[in-house]
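Reader: I have a new structure to read. Where do I begin?
Author: Take one feature at a time. Let us look.

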Amino acid sequence: MFKYVSDVSILAHNIINEYVENKNVAVDATLGNGYDCDFLSSCFKKVYAFEIQKEACEKYIDKNNNVIIINESHHKIDEFVNEEINCICYNLGYLPGGNKEITTLAETSLKSIQLSLNLLSSNGIMAIAIYRGHNEGKEEESCILQYLRNLPKNKFGVMLHECINRSDKSPLLVIVEKK
Ligand SMILES: C[S@@+](CC[C@H](N)C(=O)[O-])C[C@H]1O[C@@H](n2cnc3c(N)ncnc32)[C@H](O)[C@@H]1O
């Protein structure tokens, strides 16, 4: 087993835990089974969690009392979050073990990322796990990376984690830090 080169979600959690100093408000942009949300809830004072599948929202709703569940698409984030956020996690794609037809989409993922960068605090971190083993994931990879590569370098630091000795379908983790 590898310790660092592991699951991209775990890597994201470790980076967030270590580098986000101000742990007030976090957003889980894709609640799913709630693993990322549990992590965020354990270290941030308040967490907003978005999810389009009603059943996933209902399953989580009473689990942690510092989590606000929003049964809506994350591209509407600015309608629900009216404060600065210190961290936002995207775990894109479809729910493991769920309906593969219900997946995040390049267009709405990108719109959400653009809006969230405005909400992010100074030294706040955005973590994006991209699963490029399916068609929509490939589309997300190309359109999200193209957008992030062109962010102004005096305002944002963008780092890509990619396993270069594995399949070109292996998951990617992108970390964006706002100056
Ligand atoms: C890879 S799963 C997330 C895994 C989750 N973070 C966890 O810890 O279990 C992706 C989730 O995003 C949800 N989703 C798809 N499109 C969405 C959207 N536009 N807004 C919010 N959630 C969305 C899917 O229903 C699915 O549950």
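Reader: How far is an oxygen atom of the ligand from a polar backbone atom of Asn33?
Author: Keep in mind that this model is predicted. The distance at Asn33 is 2.9 Å. A polar contact is a pair of N or O atoms within 3.5 Å. Gly34 also offers a polar backbone atom, 3.4 Å from an oxygen atom of the ligand.

Reader: What does the side chain of Gln53 do with an oxygen atom of the ligand?
Author: An N or O atom of the Gln53 side chain lies 2.9 Å from a ligand oxygen.

Reader: Which residues come nearest to the ligand?
Author: There are 22 residues around the ligand. Thr30, Asp36, Glu51, Gln53 and Ser73 come nearest.

Reader: How do I read a pocket?
Author: Rolling a probe the size of a water molecule over the atoms shows where empty space is left. Here, the largest pocket holds about 660 Å³ of space. Its lining has 33 residues, and Thr30, Asn91, Leu92, Gly93 and Tyr94 are the closest to the centre.

Reader: Which helices supply at least two residues each to that lining?
Author: Among the contributors are α1 (8–19), α2 (35–43) and α5 (106–119), with at least two residues each. By class, the lining of the largest pocket has 17 polar, 12 nonpolar and four charged residues.

Reader: How much space lies in the second largest pocket?
Author: About 260 Å³. This pocket is lined by 15 residues. Nearest its centre lie Ile15, Tyr19, Met159, His161 and Ile175.

Reader: Which element gives the largest share of the second lining?
Author: Helix α1 does, with five residues. Strands β6 (156–161) and β7 (172–178) each supply at least two residues as well. The classes are nine nonpolar, four polar and two charged.

Reader: How many aromatic pairs are there?
Author: The count is one. Phe50 and Phe80 form an edge-to-face pair, because their ring planes stand at 80° and the cut-off for that class is over 60 degrees. The ring centres are 6.0 Å apart.

Reader: Where in the chain do the two rings sit?
Author: Phe50 is in strand β2 (residues 46–50), and Phe80 is in helix α4 (residues 77–80). They are 30 residues apart, so the pair links distant parts of the chain.

Reader: Is Phe50 buried or exposed?
Author: Buried, because its relative accessibility is 0% and buried means under 20%. Phe80, with a relative accessible area of 32%, is partly exposed.

Technical notes:
Residues numbered from 1 in each chain as written. Predicted model: local features only at pLDDT ≥ 70, side-chain atom pairs only at ≥ 80, totals over all residues. Heavy atoms only, no water. Phe/Tyr/Trp six-rings, centres within 6.5 Å; stacked < 30°, edge-to-face > 60°. Helix = DSSP H or I, 4+ residues; strand = E, 2+ residues; numbered from the N terminus. Buried < 20%, exposed > 50% of the residue type's maximum accessible area, 1.4 Å probe, protein only. 1 Å grid on protein atoms, 1.4 Å probe; cavity = no way out; pocket = protein on both sides within 12 Å on 5 of 7 lines; lining within 4 Å. Points joined across faces, edges and corners; volume = space filled by probe spheres on them. Nonpolar A, V, L, I, M, F, W, Y, C, P; charged D, E, K, R; others polar. Near = heavy atom within 4 Å. Polar contact = N/O pair within 3.5 Å; in protein donor to acceptor, adjacent residues only side chain to side chain.
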